[in-house]
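Q: Could you take a close look at one part of this model for me? I'd like the ligand's surroundings at the bench level of detail, plus whatever packs alongside the same elements.

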Amino acid sequence: MEKLQAVRGMHDTLPGEASAWNLLEQTLQSVLQSYCYREIRFPILEKTELFSRSIGAGTDIVNKEMYTFQDRNGEFLTLRPEGTAGCVRVLLQHGLLHSGPQRIWYQGPMFRHERPQKGRLRQFHQVGAEAFGIDSADIDAEIIMLCARIWHVLGITDVRLELNSLGSYAARRKYRNLLVEYLSENREQLDEDSVKRLETNPLRILDSKNPAMRAVIGAAPSLLDSIDEESAEHFAVLRELLDANAVSYEINPRLVRGLDYYNRTVFEWITDRLGAQGTICAGGRYDDLVAQLGGRATPGVGFAMGLERILDLMQSGTAEPGSDTPRVYQVLVGDAAMKNGIKLAEQLRDKLPGLRLLMHCGGGSFKSQFKKADKSRADYALILGDEEVAKNTVQIKPLRADTGQYEISQDELADELARLVPFPVNIDMFSGSGSG
Ligand code: ATP
Ligand code: MG
């Protein structure tokens, strides 16, 4: 008898592998909660119509990636390929959009019949967040900054933000016509896929990964030139907010996203370390989706991140080595420093629950303690000697950056560390794997 195997592109999580998942999921949950997003859960199976009416008939997902079948009653059902449509269905069905803005998140498996490869599975997992009922750019900024904080907490550094605005739906339609006109004139330069998309989903041609298409795409009319004034203003406010909060981004006028329901803001977080499957998170604004699914017009903006890709990235060595690595190593030279240091460490643990602070014990010279601090892989050394004790100060020395050492008052230390390590993940949450 042939050995039974999992469905192609669908993975098992084995003993020992679940702890990385737990760590990631718990971290995401904590950050989302800190922004007051509330979790909802909904079935992985929905009526097919939900997805064909929202994601769009011309998209890859609806055209060729959905797992759709008829049940015993002949009803067409689909394993959810993404979460936003289901999320809107939940809010509409339970009348949750009548009581003002809603900040929601969800997680779980999604299903797409794609060609399996690294970072591209047929069952994969997303965490998504959606904010409904707010049309101003402050909420777009919040959604993006929430992502930035997640990368920071996970220790992911080499990821960049690409940003674009699609304008209003009307502007998008107008641009679509311009683009079709241009691409039709240059039809001989299009690959087979793009010729097909010219009819079904021309904007998606801009997103083509085929190098042979680069020239014709490069010379295409720019989307940003045809967006409406209000959307341009919305986009300007968003950029200003990101600038003011030190979130860097690149404007990519060819970023269009694969789903039909987006307008105005679209964005992707991309890393170069995962090859072609480098987008770890994608999202944008969808002001018409709720109405399209039968609700009262309600703006929305959100994102979904792919957990397998994030785990791949974390395991590729760029991310924080793990929850048992100290963030801060306390260097204490001399008896007075030792006594002061123990007290200070306890105060910091009170104020910053979960901050991983390793206190040097057993004395020794500055030199030998620094060696140990370095080896611990901590990000910062806190240095206390007789002089600091006398002045009620402490020296902070970044161990993983070239920025110099500096001195601050012990009274300000907790605030300073909260800034340096803005979200000290509570290690207790991660102890033990698979216990849920
Ligand atoms: P791609 O261009 O890589 O196909 P997408 O535009 O189809 O991505 P979205 O529908 O926006 O992706 O989904 C959001 C995120 O979910 C992606 O950025 C990615 O991290 C993850 N994701 C999407 N499809 C898959 C898949 N088949 N396997 C693993 N992760 C996926
Ligand atoms: Mg895709």
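What follows is a walk around the ligand, then the aromatic residues, then a few spots elsewhere in the chain.

A: First, the ground rules: this is a predicted model, so local features need pLDDT of at least 70 and side-chain atom pairs count only at pLDDT 80 or more, while totals for chains, interfaces and linings use all residues. Residues are numbered from 1 along each chain as its sequence is written, chains are lettered from A and ligands numbered from 1 in the order written, and side-chain values use heavy atoms, with hydrogens and water left out.

For orientation, the chain has 15 helices and 16 strands (DSSP runs numbered from the N terminus: H or I of at least four residues for helices, E of at least two for strands). Its C-alpha atoms fill a box of roughly 80 × 60 × 50 Å along the principal axes. Of the 436 residues in the chain, 52% are buried (under 20% relative accessible area; exposed is over 50% and partly exposed is in between, with a 1.4 Å probe and protein chains only).

Now to ligand 1. Its shell holds 16 residues, and the closest are R112, E114, R120, R257 and T279 (a residue is near if one of its heavy atoms lies within 4 Å). Sort that shell by character and you get 6 nonpolar, 4 polar and 6 charged residues (Ala, Val, Leu, Ile, Met, Phe, Trp, Tyr, Cys and Pro are nonpolar, Asp, Glu, Lys and Arg charged, and the others, Gly among them, polar). Where do they come from? Strands β6, β10 and β11 (300–306) each supply at least two shell residues, and β10 gives the most, with 4 residues.

Go in closer and you can pick out polar contacts (N or O pairs within 3.5 Å; within protein, one atom must be able to donate a hydrogen and the other to accept it, and sequence neighbours count only through side-chain atoms on both sides). An oxygen of ligand 1 comes 2.7 Å from a side-chain N or O atom of R112. R309 also uses its side chain, with an N or O atom 3.1 Å from a ligand oxygen. G306 joins in through its backbone: a polar backbone atom there is 3.3 Å from an oxygen of ligand 1. As for how covered the ligand is, ligand 1 taken alone exposes 590 Å², and the protein buries 91% of that (Shrake-Rupley areas with a 1.4 Å probe; for residues, only the protein chains shown count as cover).

Strands β6 and β10 turn up again when you look at the aromatics. The whole structure has 5 aromatic pairs (Phe, Tyr or Trp rings, six-membered ring for Trp, with centres within 6.5 Å; planes under 30 degrees apart are stacked, over 60 edge-to-face, the rest tilted). One of them is F132 with Y286: ring centres 6.0 Å apart and planes at 65 degrees, so the pair is edge-to-face. This pair bridges distant parts of the chain, 154 residues apart, with F132 in β6 (residues 123–132) and Y286 in the loop between β10 (279–285) and α10 (289–292). F132 counts as buried because its relative accessibility is 1%, and Y286 is buried because its value is 1%.

Y286 has another ring partner in Y261: their centres are 5.7 Å apart and their planes at 70 degrees, so that pair is edge-to-face. Y261 is in the loop between β8 (250–251) and β9 (263–270), while Y286 is in the one between β10 and α10, so the pair ties together parts 25 residues apart in sequence. Both Y261 and Y286 are buried. Put the picture together and F132, Y261, Y262 and Y286 form one aromatic cluster.

A few other spots are worth a click. The charged end of K397 sits over the ring of F370, 5.7 Å from its centre (NZ of Lys or CZ of Arg within 6 Å of the ring centre and within 35 degrees of the ring normal). V333 is in the loop between β12 (328–332) and α12 (335–351), and it counts as buried because its relative accessibility is 18%. V333 and I383 are 50 residues apart in sequence, yet their C-alpha atoms are 8.2 Å apart. A246, in the loop between α9 (229–244) and β8, has a positive phi near 55 degrees and is exposed, with 73% relative accessible area. R377 also has a positive phi, near 70 degrees, and lies in the loop between α13 (366–375) and β14 (380–384).
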